[in-house]
Amino acid sequence: MEDGNIQQVLNHPADPDPSPLGQGLVDGIQHTTRIQQPHVRKGWLQQDGGAKRGNDTFVALPWDEALELGAGELRRVIDEYGNTSIFGGSYGWASAGRFHHAQSQLHRFLNLMGGCVRAMNSYSTAAAQVILPHVVAPWHQIELEQPSWRELAQHSELIVAFGGLALRNTQVAYGGITEHQSKPGMQAAAGRGVKFVNISPIQGDVPAWLNSQWVDCRPGTDVALMLGLAYVIATEGLTDAAFLSTHCVGYPVFHDYLTGVSDGTPKTPAWAADICGVAAQDIETLARRMAGRRTFITAAWSLQRAQHGEQPYWLVVVLAAMLGQIGLPGGGFGFGYGAEGFVGSHWRRFNWATLPKGRNPTGVAIPVARIADMLLNPGETVDYDGKTINYPDIRLIYWAGGNPFHHHQDLNRLVKAWRRPDTVIVNEPWWTPTAQWSDIVFPATTALERRDICASSHDPYAHLMERVIAPQHQAWSDHRIFSGLARVLGCETAFTEGRNEEEWLEHMWMRSAAAAEVEGFALPSFQQFVDNKVYQLPALERRPVWLGRFRENPQEYPLGTPSGKIEIFSRTLEAMGYADCPGHPTWLEPAERLGGTGNARFPLHLLTPQPEKRLHSQLDPGAHSHSGKVGGKEVMCMHPQAAAQRDIEDGDIVRVFNDRGACLAAVSLVENMRPDVVSLPTGAWFKPSNPGTEQSLELNGNPNVLTLDVGTSRLAQGPSANTCLVEVEVYTAS
Ligand SMILES: Nc1nc2c(c(=O)[nH]1)N[C@H]1C(S)=C(S)[C@@H](COP(=O)(O)OP(=O)(O)OC[C@H]3O[C@@H](n4cnc5c(=O)[nH]c(N)nc54)[C@H](O)[C@@H]3O)O[C@H]1N2
Ligand SMILES: Nc1nc2c(c(=O)[nH]1)N[C@H]1C(S)=C(S)[C@@H](COP(=O)(O)OP(=O)(O)OC[C@H]3O[C@@H](n4cnc5c(=O)[nH]c(N)nc54)[C@H](O)[C@@H]3O)O[C@H]1N2
Ligand SMILES: [Mo]
């Protein structure tokens with residue numbers, strides 16, 4: 001800091017691979033896009049019913065008046081329509097910090113008010129979170145207990161990575177990360193001779209120094225490729241028949257499907273090749289290679305962020321079961337080694353205390369990615385994991401710590417849905433699209449403007465997050481905002497429990513200390529922690545091999561599945577009767593894919609990966625994010641051949657479009673990708689011309705105006721962002 005301004009962001013001395021992402025804070029915290037004081041939308045004050053939401057001017061108000069308005073509107077809606085008319089799901093990453101976690105503060109507040117409609121699961125891994133507990137293990141267990149890079153480096157011979165291992169994504173971990181160990185972990189594995197196979201439409205999805213074999217499959221067709229591999233393993237006698245019979249149920253049913261006994265179509269390599277675009281011979285060779293050595297199979301989270309995203313994840317488990325190496329060091333399966341930096345770390349796992357949120361008395365929750373469906377279809381029902389959920393009639397949305405105009409699919413559809421409720425209230429530090437699409441906006445502080453504890457279940461450090469800069473303009477912490485609303489509504493003491501923010505930190509530290517005692521170690525006192533500014537968990541002696549005990553004795557250490565075994569056929573899923581998620585892993589035609597029917601008008605598959613230079617949409621207007629743009633527009637990767645066919649040159653501004661929408665982007669020509677795929681990262685701030693009309697053109701390069709807003713299946717109802725075809729043309733401004 002100098003003269004009250006941020007000059008530089010320094011790396012942590014213990015970090016072997018620091019991320020430049022933090023540099024975005026340098027000009028981001030004091031950026032001109034900060035919201036300076038509470039604002040109310042003009043049309044909302046005139047009760048315009050939301051038609052101009054997102055395309056209106058705002059009036060600045062003093063805090064006390066804005067809080068009165070917000071509290072009064074909450075009271076009115078609850079009194080007139082009940083608590084199930086309030087949507088408080090408020091999905092999003094917000095910022096690190098145990099106490100000032102925006103959603104936790106919001107949920108605590110709304111629960112005190114009688115509750116709200118909440119959201120289930122995440123955009124990250126919704127399909128995985130619902131399918132995997134049915135067939136092998138709960139998601140949180142897989143994330144935290146699956147093999148570490150240490151184990152893989154020591155014991156694996158071959159790592160087959162569907163969707164690659166994108167190092168750019170490992171800069172990030174939810175809750176925070178201190179030591180970035182993914183790159184050193186991969187380097188150690190490569191150094192010990194582990195071989196890698198990158199199955200992805202884009203060669204750059206693994207670092208070049210891994211010297212991996214590149215298998216360039218069509219997006220959304222991994223299931224066909226996996227079935228082709230399984231066919232070779234099954235028909236060439238390469239399965240571990242003993243493991244399949246002692247540790248799994250239902251293999252014979254799957255085998256009948258694989259060989260075509262049950263549906264007349266053997267899933268031969270030639271059958272697979274026709275769908276996934278990988279030569280049959282390459283599929284055969286890879287299958288034999290996998291069966292001949294200690295093989296670890298992994299998939300990027302992106303594979304399940306697509307229609308029928310449950311299937312590739314289930315099949316990864318089934319392939320690993322067929323090879324029979326589950327529970328052996330360096331073998332089996334795991335997910336997301338290029339998704340977040342904590343995946344594959346060998347640290348002790350510890351559940352730090354969170355802000356107590358109380359109970360949501362309504363008990364109503366929707367699958368997180370079904371928000372537009374819910375807003376558009378009150379009274380209708382949606383299937384989810386064997387249950388039926390009624391869509392409530394939402395009159396008020398309260399969002400804190402997320403950016404739905406970043407994260408949701410088919411944003412032109414969201415625009416229509418978002419204009420239906422009476423009122424949208426948002427807490428935000430910046431004038432993000434979601435703040436612009438609100439009626440009442442409260443300016444929130446950033447993590448640098450308040451004191452907090454940074455710690456997460458997968459990082460061995462707790463850090464004191466010092467307040468380094470005064471709250472900007474009139475920003476308040478989310479806690480103070482909800483305390484203020486609670487005061488107007490007469491429940492302030494219930495909300496704060498009489499503690500100030502500093503006392504809450506100490507209270508949460510004490511609760512963590514009690515949890516540590518149960519685990520057999522002692523935390524320092526809160527004062528000692530504050531003095532030292534950092535605390536490191538005691539190291540673990542040895543991480544057990546995940547599922548090792550199950551392997552040794554499946555009777556004594558069964559899985560949490562209904563059979564206690566790996567379910568290759570699931571009676572539970574079969575009984576649900578969902579055609580889009582049947583009783584065994586199945587190839588299901590997605591709504592859109594390369595080589596599918598009806599892609600003549602939109603011959604390119606659009607991938608929308610995570611952005612390298614920011615966390616989602618955060619700090620997008622800042623210098624670090626803009627250093628990756630061209631002319632202020634997000635950069636889309638395109639193969640030179642596809643570009644030449646369209647008279648597009650490197651650096652050109654193009655219009656990317658399909659029947660759902662259109663956006664502009666700058667083109668970067670990339671040789672080592674499939675020519676029929678384009679890739680435009682997420683996160684550019686949504687800036688539509690003529691929002692809500694057919695002609696709407698998104699100007700910054702936000703790919704979510706193009707993506708498909710359907711559930712992965714009736715089982716998980718996760719987001720299907722990666723199922724998306726488009727066409728691209730040179731943009732000539734008219
Ligand atoms: N097409 C496509 N879409 C995707 C994806 C994809 O792969 N493809 N990925 C999806 C995934 S996995 C995810 S996780 C989502 C991410 O979507 P989000 O998590 O919604 O994205 P962020 O930009 O991180 O939004 C966090 C917001 O919180 C605000 N914020 C930060 N700190 C605070 C605070 O202390 N208080 C308050 N009140 N606000 C704060 C930030 O300014 C920002 O606007 O996107 C999803 N969308
Ligand atoms: N820098 C940075 N890192 C991040 C984030 C960020 O915003 N910025 N966000 C974090 C979050 S919230 C999450 S959930 C994780 C997400 O982690 P992931 O979901 O694993 O990451 P993505 O970047 O969406 O996708 C990884 C790669 O998968 C490939 N791919 C896409 N579809 C297919 C397919 O159908 N088949 C195959 N074989 N490959 C495919 C794409 O080429 C893409 O580059 O990243 C985290 N890390
Ligand atoms: Mo995510």
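A crossing of two helices is called left-handed if the near helix is turned anticlockwise from the far one by less than a right angle, and right-handed if clockwise. In the predicted model described here, helix α9 passes helix α12 in a left-handed crossing. The axes of α9, which spans residues 222-235, and of α12, which spans residues 269-276, come within 8 Å and cross at roughly 165 degrees. Because angles over 145 degrees count as roughly antiparallel, α9 is roughly antiparallel to α12. On the side of α9, the residues that meet α12 are A224, L225, L227, G228, Y231 and V232, and their counterparts in α12 are P269, W271, A272, I275 and C276. Classified by residue type, this contact of α9 with α12 comprises 10 nonpolar residues and one polar residue, with no charged residues.

Helix α9 also packs against helix α11, formed by residues 251-258, at an angle of about 105 degrees and with the two axes 10 Å apart. Since angles of 65 to 115 degrees count as roughly perpendicular, α9 is roughly perpendicular to α11. Here L227, A230, Y231 and A234 of α9 meet Y251, F254, H255, Y257 and L258 of α11. The contact of α9 with α11 has eight nonpolar residues, one polar residue and no charged residues. L227 and Y231 are among the α9 residues that meet α12, and L227 and Y231 are likewise among those that meet α11.

A further helix pair is formed by α4, residues 102-112, and α19, residues 478-489, which pack at an angle of about 10 degrees with their axes 9 Å apart. As angles under 35 degrees count as roughly parallel, α4 and α19 are roughly parallel to each other. The crossing of α4 and α19 is right-handed. In this contact, A102, Q105, L106 and F109 are contributed by α4, while D478, H479, F482, L485, A486 and L489 are contributed by α19. By class, the contact of α4 with α19 divides into seven nonpolar residues, two polar residues and one charged residue.

Two ligands were examined for their surroundings. Around ligand 1 there are 33 residues, of which S95, E428, D478, S617 and N704 come nearest. D478 is also one of the α19 residues in the contact with α4. A polar side-chain atom of S95 lies 2.6 Å from a nitrogen atom of ligand 1. Oxygen atoms of the ligand take part in further pairs: an N or O atom in the side chain of H407 is 2.7 Å from an oxygen atom of ligand 1, and a polar side-chain atom of H616 lies 3.0 Å from an oxygen atom of ligand 1.

Ligand 2 is surrounded by 31 residues, with D205, G220, D222, R305 and H616 coming nearest. H616 thus recurs in the description of both ligands, as one of the nearest residues to ligand 2 and as a side-chain partner of ligand 1. An N or O atom in the side chain of R168 is 2.8 Å from an oxygen atom of ligand 2. Backbone atoms are involved as well, since a polar backbone atom of N169 is 2.9 Å from a nitrogen atom of ligand 2, and a polar backbone atom of R614 is 2.8 Å from a nitrogen atom of ligand 2.

How values were computed. Residues numbered from 1 in each chain as written. Chains lettered and ligands numbered in written order. Predicted model: local features only at pLDDT ≥ 70, side-chain atom pairs only at ≥ 80, totals over all residues. Heavy atoms only, no water. Axes fitted to C-alpha atoms, helices over the stretch in contact; angles between N-to-C directions. Helix = DSSP H or I, 4+ residues; strand = E, 2+ residues; numbered from the N terminus. Contact = heavy atoms within 4.5 Å. Nonpolar A, V, L, I, M, F, W, Y, C, P; charged D, E, K, R; others polar. Near = heavy atom within 4 Å. Polar contact = N/O pair within 3.5 Å; in protein donor to acceptor, adjacent residues only side chain to side chain.
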